[in-house]
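Dear colleague,

I am passing on the structure we spoke about, together with some notes on what I found when I went through it. Please have it open beside you while you read.

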Amino acid sequence: MKAQAPTAYGQGLSSQARNLHWLLTNLVDEVPGIRSVAVVSSDGLLLLSSDPDRVDEAAAGPGGGDGPRGSSADLATIVSGLGSLTNGAAKLMDGGPVKQTMITMDEGSVFVMAISDGSLLGVHATPDCDMNVIAYHMALFVGRAGHVLTPELRSELRKSMENVQ
């Protein structure tokens, strides 16, 4: 299942927020094999999603039909946990900041890349994806998004995600 590009939930936002939505849409549309994309703040909150219409469904949990497996809400939870785990491991090993984490599975892959101030970009991809292409495009996104992801913009993006739910 191909990820959906964000649509209406990006309306009414600042130009910087709209630019980040555009970057995410471009990532989803241009890179084959991407199932879901999530940008997560340092405190684990979903800031941007490739499928915002499914965020509320996934948050419904077991009582709400389990939500869609692999949605951006699920991915945000996984990305936040992986970020915490890998950062803890890096500290224990005196390895410095974590730049990228990749998990390959029989039925897909998960990529996590640091953006700025603890924010993370997560991608859930198909098993036949080109990992180099995905990692390259993630690095482009991080390079373009990192300098604009200020505390004010993160707050604006959080509020826009709350309005979707």
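Read along the sequence, this predicted model follows the pattern α-β-β-α-α-β-β-β-α-α, with 5 helices and 5 strands in the protein. Of its 165 residues, 47% are buried, and among the contacts with a separation of 6 or more, 61% are accounted for by residues 24 or more positions apart.

I spent most of my time on helix H4, which runs over residues 131–145 and reaches 21 Å from its first C-alpha to its last, close to the 21 Å expected for its 15 residues at 1.5 Å a residue. At the start of this helix, a side-chain oxygen of Asp130 comes to within 3.1 Å of the backbone nitrogen of Asn132.

Which residues of H4 are buried? They are Ile134, Ala135, Met138, Phe141, Val142 and Ala145, and because they cover an arc of only 120 degrees around the axis, they lie on the same side of H4. As a reminder, an α-helix has 3.6 residues a turn, so residues three or four places apart point the same way. The face of H4 turned away from this buried side carries Asn132, Tyr136 and Gly143, which are exposed.

The buried residues of H4 pack against elements from several parts of the chain, namely helix H1 (15–30) and the strands E1 (34–40), E2 (46–49), E3 (100–105), E4 (108–114) and E5 (120–125). With H1 in particular, the packing angle is about 175 degrees and the axes are 11 Å apart; since angles over 145 degrees count as roughly antiparallel, H1 and H4 are therefore roughly antiparallel to each other. On the H1 side the contact is made by Leu20, Leu23, Leu24 and Leu27, and on the H4 side by His137, Met138, Phe141, Arg144 and Ala145. Met138, Phe141 and Ala145 thus appear in this contact and also in the list of buried residues of H4.

A second place that you may wish to look at is Asp43, which lies in the loop between E1 and E2. Is Asp43 buried or exposed? With a relative accessible area of 48%, Asp43 is partly exposed, because that value falls between the 20% under which a residue counts as buried and the 50% over which it counts as exposed. The side chain of Asp43 makes polar contacts with the side chain of Ser41, at 2.2 Å, and with the side chain of Arg158, at 3.2 Å. The C-alpha atom of Asp43 is also separated by 8.2 Å from that of Ser119, although these two residues are 76 residues apart along the chain.

With best wishes

Conventions. Residues are numbered from 1 along each chain as its sequence is written. This is a predicted model: local features need pLDDT of at least 70, side-chain atom pairs count only at pLDDT 80 or more; totals for chains, interfaces and linings use all residues. Side-chain values use heavy atoms; hydrogens and water are left out. Helices (H or I, at least four residues) and strands (E, at least two) are DSSP runs, numbered from the N terminus. The expected span of a helix is 1.5 Å times one less than its number of residues. Buried means under 20% relative accessible area, exposed over 50%, partly exposed in between (1.4 Å probe, protein chains only). The arc is that of the directions from the helix axis to the C-beta atoms. Contact means heavy atoms within 4.5 Å. A polar contact is a pair of N or O atoms within 3.5 Å; within protein, one must be able to donate a hydrogen and the other to accept it, and residues adjacent in sequence count only if both atoms are side-chain atoms. Axes are lines fitted to C-alpha atoms, for helices over the stretch in contact, and angles run from 0 to 180 degrees between N-to-C directions. Angles under 35 degrees count as roughly parallel, over 145 as roughly antiparallel, 65 to 115 as roughly perpendicular and the rest as oblique.
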